[in-house]
Amino acid sequence: AYQLELCQNYDLLKKLLSPVWSDFDHDPDLENFPENEKAEILLICGRLLLKFGRSKNLKNFIERGRDYLTLSIESFGESGNENKAAEARLAIADAYFLEGRDEEFLIYLDESEANYRGGKNDPVKLLMIVYRLVFYNR
């Protein structure tokens, strides 16, 4: 799913998610999943709605994407998976960065960095560094 996100292949990603999320206008059906899987699916759905909403200028999709990511953060946090929670925070930071909402961007980036325990060469950690560099050098 993550590779499809990176390629911005929303149609194929939507097809992949169709067993649990057949319609973007409704919430995904996560009733029969364990909490950690729900959190992961919410992370994927949240990022997808943010990117798809931004590409089509659909504000309600962007807000719902943030809502899914917030639920994902809460669920990952409750299960002690702070790295995944930081990854979801970083997705929200990305959305704020692209909207030019600097204060919110920095809040979520700071929280991501403070709670992330990955190695210094980990892709998520490197993305945090790139965001800092781009933000302060624009």
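Select D29 and E31: a polar atom of the D29 side chain lies 3.4 Å from the backbone nitrogen of E31. This is a polar contact (a pair of N or O atoms within 3.5 Å; within protein, one must be able to donate a hydrogen and the other to accept it, and residues adjacent in sequence count only if both atoms are side-chain atoms). The model is a predicted one, where local features need pLDDT of at least 70, side-chain atom pairs count only at pLDDT 80 or more, and totals for chains, interfaces and linings use all residues. Residues are numbered from 1 along each chain as its sequence is written, and side-chain values use heavy atoms, with hydrogens and water left out.

Stay on D29, which is in the loop between helix 2 and helix 3. Helices (H or I, at least four residues) are DSSP runs, numbered from the N terminus. D29 has 47% relative accessibility and therefore counts as partly exposed; buried means under 20% relative accessible area, exposed over 50%, and partly exposed in between (1.4 Å probe, protein chains only). Now add I41: D29 and I41 are twelve residues apart in sequence, and their C-alpha atoms are 10.0 Å apart in space.

Next, select F24 and F52. Their rings form an edge-to-face aromatic pair, 5.2 Å centre to centre with 75 degrees between the planes. Rings of Phe, Tyr and Trp (its six-membered ring) pair if their centres lie within 6.5 Å; planes under 30 degrees apart count as stacked, over 60 as edge-to-face and the rest as tilted. F24 is in the loop between helix 2 (10–17) and helix 3 (35–56), while F52 is in helix 3, 28 residues apart. Both F24 and F52 are buried.

Extend the selection to W21, F61 and Y68: ring pairs link these with F24 and F52 into a cluster. Then show K14, whose charged end sits over the ring of F24, 4.8 Å from its centre. R64 lies over the face of F61, 5.6 Å from the ring centre. For a charge to sit over a ring, NZ of Lys or CZ of Arg must be within 6 Å of the ring centre and within 35 degrees of the ring normal.

Move to helix 4, residues 59–78. What span should its 20 residues have? At 1.5 Å a residue the expected span is 28 Å, and the end C-alpha atoms are 29 Å apart, which agrees; the expected value is 1.5 Å times one less than the number of residues. Its buried residues include F61, R64, Y68 and L69. Helix 3 and helix 5 (82–99) are among what covers the buried residues of helix 4. After helix 4 comes G80, with a positive phi near 85 degrees.

Go back to the loop between helix 3 and helix 4 and select N57. N57 is not a glycine, yet its phi is positive, about 55 degrees. N57 is exposed because its relative accessible area is 56%.

Finish in the largest nonpolar core. Such a core is a set of buried Ala, Val, Leu, Ile, Met, Phe, Trp, Tyr and Cys residues joined through side-chain atoms within 4.5 Å. Of its 25 residues, L69, L90, F105, L109, M128 and Y131 touch the most other members. Helix 5 gives the largest share, ten residues. Select F105: leaving aside neighbours within four places in sequence, F105 is in contact (heavy atoms within 4.5 Å) with A93, Y96, F97, Y131 and F135. A second, separate core has 16 residues, including Y10, L17, F24 and I44.

Notes:
Helix = DSSP H or I, 4+ residues; strand = E, 2+ residues; numbered from the N terminus.
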